[in-house]
Amino acid sequence: MTDAPSGRSAAFHVLATGYTTSTGPGVAATVSYVTEGDLRIVVDPGMVASQSLITDALADLGLKTDDITDVVLSHHHPDNILNVGLFGQARIHDHKAIYRGHEWTSREAEGYAFSPSIRLIATPGHSAEDITLLAGTAQGVVAFAGDLWWRADGPADDPVTIDRRLLRTSRERVLAVADLIVPGHGAPFTPTAATPR
């Protein structure tokens, strides 16, 4: 049994490429957009220099914030979720529930499928609640992995991990299916043998 989605009809865009204080002027999240059919999903609408970086990138795709159907939060650190309020009409997904308005629907993220091409898996290690969105695209499986990797070079030893062995297990799980990884604070990268485990 593989974690890879069975479908390959999703598409994605990086709305804002993130950075950390060692690679940029501050801290910013990599904010992504995933779509298939009527699904319009934003992943990790976190800290950015200006909210217009997100809204303008969506506008370039012909979208307004109210057009977004779903938001996925890879984990609950402020740098990855700060701008979730931009998407008042969307269903919000985390590791344990779906939230919309005043509705709270409990469900585990592990195995949750938006469609045959888009699903969630639990990938704890950076935090206890980490999840990864896997999108089957025409180019292969894209993993929106939050802070399992901050950027292509890791860091190899995440300084805020809750459990180094658990982080490694989750990284290996993602590497087993991902053709491309979108990290929490950097540009998408193709995994290689040198990718930190």
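Start your selection with the open sheet of five strands, whose order is S8-S9-S10-S11-S12 and whose pairing is mixed. Before you click further, keep in mind that this is a predicted model. Colour residues 113-115 and 180-182 to pick out S8 and S12, the edge strands, each of which pairs on one side only. Going from one strand to the next in this sheet, the twist averages 20 degrees.

**Inside the five-stranded sheet**

Next, select residues 131-137 and residues 140-144. These are S10 and S11, and they pair in the antiparallel sense over five bridges. For a landmark in this pair, show Leu-134 as sticks: which residue of S11 is its bridge partner? The partner is Ala-143.

**A cis bond after S11**

Now move to the loop between S11 and helix H3, the helix at residues 164-175; Pro-155 lies in this loop. Select Gly-154 together with Pro-155 and look at the peptide bond that joins them: it is cis, with omega at about 5 degrees. It is worth a pause, because most peptide bonds are trans.

**The seven-stranded sheet**

Swing round to another open sheet, this one of seven strands, ordered S1-S2-S3-S4-S5-S6-S7 with mixed pairing. Its edge strands are S1, at 11-16, and S7, at 103-106, and each of them pairs on one side only. Here the twist averages 20 degrees from one strand to the next. Add residues 52-60 to your selection to see helix H1 packing on the sheet, where H1 touches S1 and strand S2 (31-36). The direction of H1 makes about 145 degrees with that of S1.

**Two hairpins in a row**

Zoom in on S5 (residues 91-93) and S6 (residues 97-100), which pair in the antiparallel sense over two bridges. How many residues sit between S5 and S6 in their hairpin? There are three. Show the side chains and find the bridge partners: His-93 goes with Ile-98 of S6, and Ile-92 goes with Tyr-99 of S6.

Carry on along the chain to S7. S6 and S7 run antiparallel and are joined by four bridges. Ala-97 makes a handy marker here, standing opposite Ser-106 in S7. This hairpin has two residues between the strands, and in it Gly-101 takes a positive phi near 55 degrees.

**Asp-44, a backbone to inspect**

Select Asp-44, in the loop between strand S3 (39-43) and H1. Although Asp-44 is not a glycine, it has a positive phi of about 55 degrees. That makes for a good stop, because most residues other than glycine have a negative phi.

**The cavity**

Keep Asp-44 selected, since it is one of the residues lining the largest cavity. How many cavities of 30 Å³ or more does a search of the whole structure find? The search finds one. About 50 Å³ of space lies in the largest cavity. To display its lining, add Thr-30, Ser-32, Val-43, Phe-144, Ala-145, Gly-146, Val-182, Pro-183 and Gly-184 to Asp-44. Colour these residues by character and you will have five nonpolar, four polar and one charged.

**Stepping back to the annotated span**

For a last view, select residues 29-185, where UniProt, in an unreviewed entry, places the feature "domain: Metallo-beta-lactamase". Where do the ends of this span lie relative to each other? The end C-alpha atoms of residues 29-185 are 5 Å apart. Switch to a cartoon view to take in the make-up of the span, which is 16% helix and 31% strand.

Notes
Residues are numbered from 1 along each chain as its sequence is written. This is a predicted model: local features need pLDDT of at least 70, side-chain atom pairs count only at pLDDT 80 or more; totals for chains, interfaces and linings use all residues. Side-chain values use heavy atoms; hydrogens and water are left out. Two strands pair if DSSP finds at least two bridges between them. Axes are lines fitted to C-alpha atoms, for helices over the stretch in contact, and angles run from 0 to 180 degrees between N-to-C directions. Contact means heavy atoms within 4.5 Å. On a 1 Å grid over the protein atoms alone, a cavity is a set of points where a 1.4 Å probe fits but cannot get out, and a pocket is an open set with protein on both sides within 12 Å along at least five of seven lines; lining residues have an atom within 4 Å of a point. Grid points are joined across faces, edges and corners, and a volume is the space filled by probe spheres set on the points. Ala, Val, Leu, Ile, Met, Phe, Trp, Tyr, Cys and Pro count as nonpolar, Asp, Glu, Lys and Arg as charged, and the others, Gly among them, as polar. UniProt positions are given in the numbering used here, feature names are shortened, and annotations may be inferred rather than shown by experiment.
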